[in-house]
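Grab a pencil and work through these exercises on the protein shown here. Try each task yourself before you read the solution.

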Amino acid sequence: MWILAAIFSAVFAGITAILSKCGIKNTNSDVATAVRTSVVLVMAWLIVFITGAYSGITSISARSWIFLILSGLATGASWICYFKALSLGEVSKVAAVDKSSTILSVLFAIIIFPDERNLWWLKLIFLAVIAVGTYLMIDIKKGESKSRVLWLIFAILSAVFAAATSLLANVGIENVDSNLATAIRTTVVLVMAWLIVFCRKEATFVREINGKELIFLILSGIATGASWLCYYYAIQQGLVSIVVPIDRLSILVTVIFSLIVFKEKLSVKAWIGLALLIAGTVCMAVFT
């Protein structure tokens, strides 16, 4: 069941990137993050109350609270960087770099968690394949200006924070209902996102969001909420080193939609990179 949840997480995450890109064509990326997080928060807490998971909030240990909060902060940082990268670069390239967080997640999982060390050498081989695939997908042309590759910096930061999120969440959700853990983390992300908006005096941009982009941001938030719920259920029930790679297959969904919706084009080099990235990810899930 947890593998199925991880697959659904990937599908919803792939759709999220496309909806998010549609929602930030003319919208400030920080404001977009905050609006989208608000939608995810409502969805997360609704599920908590529907399932009755709220009753477990008083029994959460101090250790779990700390790691859930830290996970939420890492998630917020990852989202802010991701939205900034999406506003500057092509969806397919940003998604490829963001999904490279698989490499860091699995490496740290092997180091920190004893039960993740099974067939560690095989995992390292597949991680190398994923790394090569990611590099080929970035496909930055020689002579491109710094402003043209600024998206890469934000995408890398997004991947680093996303990797931290997986590891911190894995510790934080021990003995905690996955739906409740998702809602708590989302609350942290929401506070962080709106604080940034107000501290940077970007609140005025909220009124400038047009109706069409607002709809896309809301749909993006719903897709994100669905992805999170599936993802953290899978992490709680399964192995991080398998759940994370399956979730990262969302790049295939993202690339397909980016080609159709945004008419993005992939070079032969990028297609080879995508094939390697997917192959490494699938092998990681199947053989380890």
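Below are five exercises, each with a solution in steps.

A note before you start: this is a predicted model, where local features need pLDDT of at least 70, side-chain atom pairs count only at pLDDT 80 or more, and totals for chains, interfaces and linings use all residues. Residues are numbered from 1 along each chain as its sequence is written, and side-chain values use heavy atoms, with hydrogens and water left out.

**Exercise 1. The overall fold**

Task: Find out how many helices and strands the protein chain has, and compare its radius of gyration with the globule rule.

Solution:
- Step 1: Count the elements. The protein chain has 12 helices and 0 strands. Helices (H or I, at least four residues) and strands (E, at least two) are DSSP runs, numbered from the N terminus.
- Step 2: Check the compactness. The protein chain has a radius of gyration of 18 Å, close to the 19 Å that the globule rule gives for 288 residues, so it is as compact as a globular protein of that length. The radius is taken over C-alpha atoms, and the rule is 2.2 Å times the number of residues to the power 0.38.
- Step 3: Picture the box. Along the principal axes, the C-alpha atoms fill roughly 55 × 55 × 30 Å.

**Exercise 2. Inside and far apart**

Task: Work out what share of the protein chain is buried and what share of its contacts with a separation of 6 or more joins residues 24 or more positions apart.

Solution:
- Step 1: Of the 288 residues, 54% are buried. Buried means under 20% relative accessible area, exposed over 50%, and partly exposed in between (1.4 Å probe, protein chains only).
- Step 2: Among contacts with a separation of 6 or more, 89% are between residues 24 or more positions apart. Contact means heavy atoms within 4.5 Å.

**Exercise 3. A serine and its partner**

Task: Locate Ser-220 and describe its link to Arg-36.

Solution:
- Step 1: Ser-220 sits in helix α9, which covers residues 211–237.
- Step 2: The relative accessible area of Ser-220 is 0%, so Ser-220 is buried.
- Step 3: The side chains of Ser-220 and Arg-36 make a polar contact of 2.7 Å. Such a contact is a pair of N or O atoms within 3.5 Å; within protein, one must be able to donate a hydrogen and the other to accept it, and residues adjacent in sequence count only if both atoms are side-chain atoms.
- Step 4: Skip the neighbours within four places in sequence, and Ser-220 contacts Thr-16, Leu-19, Ser-20 and Arg-36.

**Exercise 4. Neighbours in helix α8**

Task: For Ala-183 and Ile-184, list what each one touches beyond four places in sequence.

Solution:
- Step 1: Helix α8 (residues 178–199) holds Ala-183, and Ile-184 lies in α8 too.
- Step 2: Ala-183 is buried because its relative accessible area is 0%; at 5%, Ile-184 is buried as well.
- Step 3: Ala-183 touches Leu-41, Ala-44, Trp-45 and Val-48, while Ile-184 touches Trp-45, Ile-60, Trp-65 and Leu-68.
- Step 4: Now look at spacing. Ile-184 and Leu-68 are 116 residues apart in sequence, yet their C-alpha atoms are 7.1 Å apart. Ala-183 and Val-197 are 14 residues apart along the chain, with 21 Å between their C-alpha atoms.

**Exercise 5. A covered helix**

Task: Decide whether helix α4 is mostly covered or mostly open.

Solution:
- Step 1: Helix α4 spans residues 91–98.
- Step 2: Of its 8 residues, 8 are buried, and α4 is mostly covered. Among them are Lys-93 and Asp-98.
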